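Biologist: Before we discuss the ligand and the helices, please put the model on display. I shall then ask about each in turn.

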Amino acid sequence: MHMDTDYLVVGAGASGLAFADTLVAEATVSVTLVDRREVPGGHWQQAYPFVRLHTPSAYYGVNSLALGDNRIDQTGENAGYYERATGENVREYFTKAADRLTQTGRVRLLLRHEHVGGGSDGHQVRDLATGKVHTIGVRHKVVDARYLEASIPATHAPPFEVAPSARVVPVNELPAVARSGLSYAVLGSGKTAVDACMWLLDNGVEADRIRWIRPRDAWFYNRAQFQPLDQVAGIIEGLAIDAEAGALASSIGDLFERLEASGRLVRIDPSWPATMYRGTMLSVRELGAVRQIEHIIRLGRVRRIEPDRILLEEGEAATGSGVVHIDCTALGLNNAPGTPIFQPSRIVLQQVRHLSPCFNAALIAFVEAHRDEDPDRNRLCPPNPYPSSIEDWPGMMSRTWRAEGRWLREPDLSAWVAGSRLNLLRDLPEHAAEPAAQSAVKRFGTNVRAAIERLGRLSNGSSSAEAPEER
Ligand SMILES: Cc1cc2nc3c(=O)[nH]c(=O)nc-3n(C[C@H](O)[C@H](O)[C@H](O)COP(=O)(O)OP(=O)(O)OC[C@H]3O[C@@H](n4cnc5c(N)ncnc54)[C@H](O)[C@@H]3O)c2cc1C
């Protein structure tokens, strides 16, 4: 069977859907999305049962459809902050978003289809139900919405050996295996491991029954500074802190000391050096809860798990018989190296503004629709790889601020950014007269150029090689 389309989007996760949603809103084109999975929404379809967004729902998803009701949670670890969708909410949302797209009559969704390659005569997709390969003729471009495909616990291969009698389960199975009286070893340093620890504590497991194997300690943002809408002054306060710290930092160590001293970043154990930074966030309540866990094993990465001990890079630790190991070691965000986003006949979706995957996919679609030349498009959308360690923070922030400076000089793009529900700062103009917002905007403006310059030098990365420019 032969099909034709203007754009072929490979991957119907959040990025592919957010791209298609904005592209069909901004251009009269046809789009075909293909995905191996049976349902749209990408990794969320196999997320662990107690996952939630770590950011508010208010600026997550596709541009044309709100997620949630912008409620402020009254209880729990998110009390006082804007609601965060559960995994189930996110899955329902993406199903609805995909339905709305297909109802435009310009979007076709081929689920359980795998993109297997392409050439001048078209792109081949295999129907995973029948094994048949179809050819799709692509008039404009192929959009790679899987370059940064997430690595998740349900599908990744654990990077360690497991002795036959040791009990190791992916975090997805934690609610099913948990029983009173069991002890647990949580493997991993990131947000998923924090979620597993929180789930155990919330379900009555005493902190001294939990061992936490942390190969490296992580920095997290303070969730208070990611609240949009009526609390947007906190977001600009956070960015002002970033710019002030960036303008003054003499080294990466000094930078993170400044960010911690100002309350921008937190770590679970302030007495232990933290080297991991993946851009996730915690509330003060979450931080307080997981700090109850005192049995931390820091001997590098896990090599092998045996029934009553763990062998690690730098030694071994006894765990006791019957312990259940919870695997939270999947990478999550994919920190593949940056590659040009706009290439001949191809678009490779990546991060541009830091830590805003849905916003970035929609932004790239807007630029595709409204600019004619790839060099101009790439100027507005330079790739900005996801971070993994503290060394990645300076380059990531300076690349974000450089790109944002370019958007400000493009009236149509600035107007789109200002109105997009995916833009976490969207409500700033309405709150600009508040003293806290005014002060933060001023401090940000005073420091951002110096921060770009200094962080560029600290990063040793591509941004340090770029010439300074007006912001
Ligand atoms: C647990 C978790 C929580 C997160 N929470 C947040 C949050 O709160 N806020 C936030 O902004 N970000 C969050 N993120 C970041 C997250 O990566 C994005 O939110 C987003 O869901 C990623 O979507 P994606 O489309 O880029 O990738 P994916 O969801 O991985 O989708 C890629 C898709 O491509 C398909 N695919 C791959 N190869 C092929 C092929 N050859 N043919 C056909 N299909 C193919 C896959 O089947 C998959 O469905 C979170 C990430 C994780 C892992």
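Modeller: In what follows, Ala, Val, Leu, Ile, Met, Phe, Trp, Tyr, Cys and Pro count as nonpolar, Asp, Glu, Lys and Arg as charged, and the others, Gly among them, as polar. The model is predicted: local features need pLDDT of at least 70 and side-chain atom pairs pLDDT 80 or more, whereas totals for chains, interfaces and linings use all residues. Residues are numbered from 1 along each chain as its sequence is written, and side-chain values use heavy atoms, with hydrogens and water left out.

Biologist: How many nonpolar residues does the shell around the ligand have?

Modeller: A residue belongs to the shell if one of its heavy atoms lies within 4 Å of the ligand. The ligand is surrounded by 25 residues, with S15, D35, H54, T55 and Y60 the closest. Of the shell, six residues are charged and nine polar, and the nonpolar ones number 10.

Biologist: Which element gives the most residues to the shell around the ligand?

Modeller: Helices (H or I, at least four residues) and strands (E, at least two) are DSSP runs numbered from the N terminus. At least two shell residues come from each of α1 (14-26), β2 (31-35) and β4 (113-119). With three residues, the element that gives the most is β4.

Biologist: What percentage of the area that the ligand exposes when taken alone does the protein bury?

Modeller: Polar contacts here are pairs of N or O atoms within 3.5 Å. Oxygen atoms of the ligand lie 2.7 Å from a polar side-chain atom of D35 and 2.8 Å from a polar backbone atom of H43, and a ligand nitrogen is 2.8 Å from a side-chain N or O atom of T55. By the Shrake-Rupley method with a 1.4 Å probe, the ligand alone exposes 1000 Å², and the buried part is 92%.

Biologist: Is the crossing of α1 and α8 left-handed or right-handed?

Modeller: Axes are lines fitted to C-alpha atoms over the stretch in contact, and angles run from 0 to 180 degrees between N-to-C directions. Those of α1 and helix α8 (residues 357-370) come within 8 Å and cross at roughly 35 degrees. A crossing is left-handed if the near helix is turned anticlockwise from the far one by less than a right angle, and right-handed if clockwise. The crossing of α1 and α8 is right-handed.

Biologist: Which residues of α10 make the contact with α5?

Modeller: The axes of helix α5 (residues 232-248) and helix α10 (residues 392-408) come within 12 Å and cross at roughly 115 degrees. Contact means heavy atoms within 4.5 Å. On α5 the contact is made by L239, D242 and A243, and on α10 by W393, M397 and W401.

Notes: Polar contact = N/O pair within 3.5 Å; in protein donor to acceptor, adjacent residues only side chain to side chain.
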